[in-house]
Amino acid sequence: MGLAILFGVFVVGLVVGAPIAFAVGLASIVTFLYEGLPLFVGFQRIISGISVFSLLAIPFFIFAGELMLHGGISRRLVRFASAAVGRMRGGLGMVNVTSSMLFGGISGSAVADTSALGSILIPVMKEKGYDTDYAVNVTVTSSIAGVVIPPSHNMILYAVAAGGGISVTQLFVAGIVPGILMCLALAVAAYVVAVKRGYGGETFPGWEALFVSFFASLPGLMTAVIIVGGVLSGILTVTESGAFGAIYAIVVTGLVYRELRWEPFKKAVYQAVKTTALVMILVGCASAFSYLLALYNVPQLLADGLTSVSDNPIVVLLMLNLLLLALGMIMDMAPLILICTPIFLPVAQQFGMDPIQFGIMMMMNLGVGLCTPPVGGCLFVGSAIGGIKIEQTVKTIWPFYLALFVVLMLVTYVPSVSLALPDWLQGLGG
């Protein structure tokens with residue numbers, strides 16, 4: 001009965017339109033009262049949930065991403081990508097995917113990627129004769145590179161939700177190969193659709209223009225190098241690396257590019273503070289929620305339910321993927337990571353999946369949810385920028401979904417895709 005109350009109150013909260021953090025917190029409090037547990041235990045769980053040192057990296061990553069968004073980084077990355085790959089068939093589609101791979105590694109946010117690059121590329125693609133649905137589809141699906149390619153604050157949330165025993169550094173490294181594979185698969189899909197629709201390529205601007213655009217974008221690209229390199233080298237912790245990255249972003253956008261004026265800076269600070277506050281409230285409430293999930297032994301109940309259908313690991317992992325995909329279609333990414341990780345991770349481990357591998361699988365599944373209705377943040381932003389109805393976009397997005405699904409299956413069933421690089425680096429360190 002207590003478990004029914006927990007999920008029932010949570011679902012009712014979502015239906016009536018309450019913020020997810022409030023729905024999670026209220027469901028936890030009501031269940032604590034039903035079980036006769038002292039409320040101070042719940043509040044202790046909330047406080048302990050946000051009293052985690054590694055969470056300090058999140059505001060730094062978010063702030064750095066906002067600075068990138070408002071400081072001219074994205075435009076220079078697009079110019080470099082255009083010079084490098086724009087001459088291919090459907091050149092601006094290739095530019096879009098390449099820019100997302102580069103910018104995603106800096107911002108760490110799929111929605112920021114869609115907003116920053118979409119506002120530049122979607123209008124240009126429409127002017128060049130590309131169909132609006134194609135422009136939006138490429139932008140939206142490639143934007144989830146920011147969820148997988150490091151640095152990603154969602155990986156920090158996953159590490160915290162998993163109980164703190166997972167290395168954020170290893171998660172960052174594990175996301176590199178799947179992120180690149182994902183962008184390559186999307187580039188192939190963009191190329192195939194471009195050929196089918198008869199899109200041409202851009203004129204190659206020459207090697208000099210290519211090198212000039214590269215060196216112009218280099219200071220911005222170094223943001224990701226500082227953040228990820230500092231962590232991988234062991235010189236900096238994840239939190240220290242995020243702080244250095246934010247400081248460097250201020251220097252680059254304010255002093256090198258000279259595009260970060262006072263008003264955009266205030267907007268970046270405001271958005272970073274707002275997003276951080278939302279995330280921290282959610283983390284605290286989800287900690288109390290997770291405590292109750294463990295109390296009711298939900299992971300084992302889920303495992304028993306899945307094994308009643310099949311005890312084949314291939315089938316069970318496929319069902320986990322489908323569950324995550326379905327949940328990603330109706331809820332935002334951060335709350336799903338915090339709620340689902342304590343439930344699904346033990347099940348995945350029971351069937352032989354490494355926690356790092358499962359983390360990357362979860363990032364990809366929930367990333368696809370960002371470009372899938374009814375609650376697809378990237379899909380809504382991209383469609384709004386393109387001035388097209390979401391249903392029109394979804395009708396022709398299937399080749400890009402197929403590309404993402406292929407990479408997702410590789411991540412799920414070929415452990416080396418996400419684990420080979422972390423294992424190699426760990427071997428070097430050992």
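Select R258. R258 is exposed, at 54% relative accessibility; exposed means over 50% relative accessible area, buried under 20% and partly exposed in between, with a 1.4 Å probe and protein chains only. R258 sits in the loop between α14 (238-256) and α15 (262-295). Helices here are DSSP runs of H or I with at least four residues, strands are runs of E with at least two, and both are numbered from the N terminus. Check the backbone: R258 is not a glycine, yet its phi is positive, about 55°. Most residues other than glycine have a negative phi.

This is a predicted model, in which local features need pLDDT of at least 70 and side-chain atom pairs count only at pLDDT 80 or more, while totals for chains, interfaces and linings use all residues. Residues are numbered from 1 along each chain as its sequence is written, and side-chain values use heavy atoms, with hydrogens and water left out.

**Next loop: N297**

Move to N297, in the loop between α15 and α16 (298-309). Here too a residue that is not a glycine has a positive phi, of about 60°. N297 is partly exposed, with a relative accessible area of 43%.

**Inside α15: T276**

Now select T276, in helix α15. T276 is buried, at 13% relative accessible area. Which residues does T276 touch, leaving out those up to four places away in sequence? They are P59 and I62, where contact means heavy atoms within 4.5 Å. Add I58 to the selection. T276 and I58 are 218 residues apart in sequence, but their C-alpha atoms are 7.2 Å apart in space.

**α4 against α14**

Select helix α4, residues 57-70, together with α14. The two axes come within 8 Å and cross at roughly 20°. Axes are lines fitted to C-alpha atoms, for helices over the stretch in contact, and angles run from 0 to 180 degrees between N-to-C directions. α4 and α14 are therefore roughly parallel. That term covers angles under 35 degrees; over 145 counts as roughly antiparallel, 65 to 115 as roughly perpendicular and the rest as oblique. The crossing of α4 and α14 is left-handed, meaning that the near helix is turned anticlockwise from the far one by less than a right angle; clockwise would be right-handed.

Show the side chains. On α4, the contact uses A57, F60, F61, F63, A64, L67 and M68. On α14, the partners include V238, G242, A246, A249 and T253. By class, this contact has twelve nonpolar, four polar and no charged residues. Nonpolar means Ala, Val, Leu, Ile, Met, Phe, Trp, Tyr, Cys and Pro; charged means Asp, Glu, Lys and Arg; the others, Gly among them, are polar.

**The N-terminal helices**

Go to helix α1 (residues 2-15) and helix α2 (residues 20-35). They pack at about 150°, with axes 8 Å apart. That angle makes α1 roughly antiparallel to α2. Their crossing is right-handed. G2, I5, L6, V9, F10, G13 and L14 form the α1 side of the contact. From α2, select residues including I20, A23, V24, A27, T31 and E35. The contact of α1 with α2 has twelve nonpolar, four polar and one charged residues.

Keep α2 on screen and add helix α3, residues 39-50. α2 and α3 pack at about 145°, their axes 9 Å apart. This crossing is right-handed. I29, F32 and L33 of α2 meet L39, V41 and G42 of α3. By class, there are five nonpolar, one polar and no charged residues in the contact.

**A covered helix: α10**

Select helix α10, residues 153-161. How many of its nine residues are buried? The count is nine, so defined by a relative accessible area under 20%. Among them are H153, N154, M155 and Y158. Step just past α10 to G163, whose phi is positive, about 105°.

**Last stop: cysteines**

Finish with C183, C371 and C378. How many disulfides are there? The count is zero, a disulfide being a pair of cysteine sulfur atoms within 2.5 Å. The sulfur of C183 is 12 Å from the closest cysteine sulfur, that of C371, which is too far for a bond. C371 is in no disulfide either, with the nearest cysteine sulfur, in C378, 6.7 Å away. C183 is buried, at 4% relative accessible area. C371 is buried as well, at 0%.
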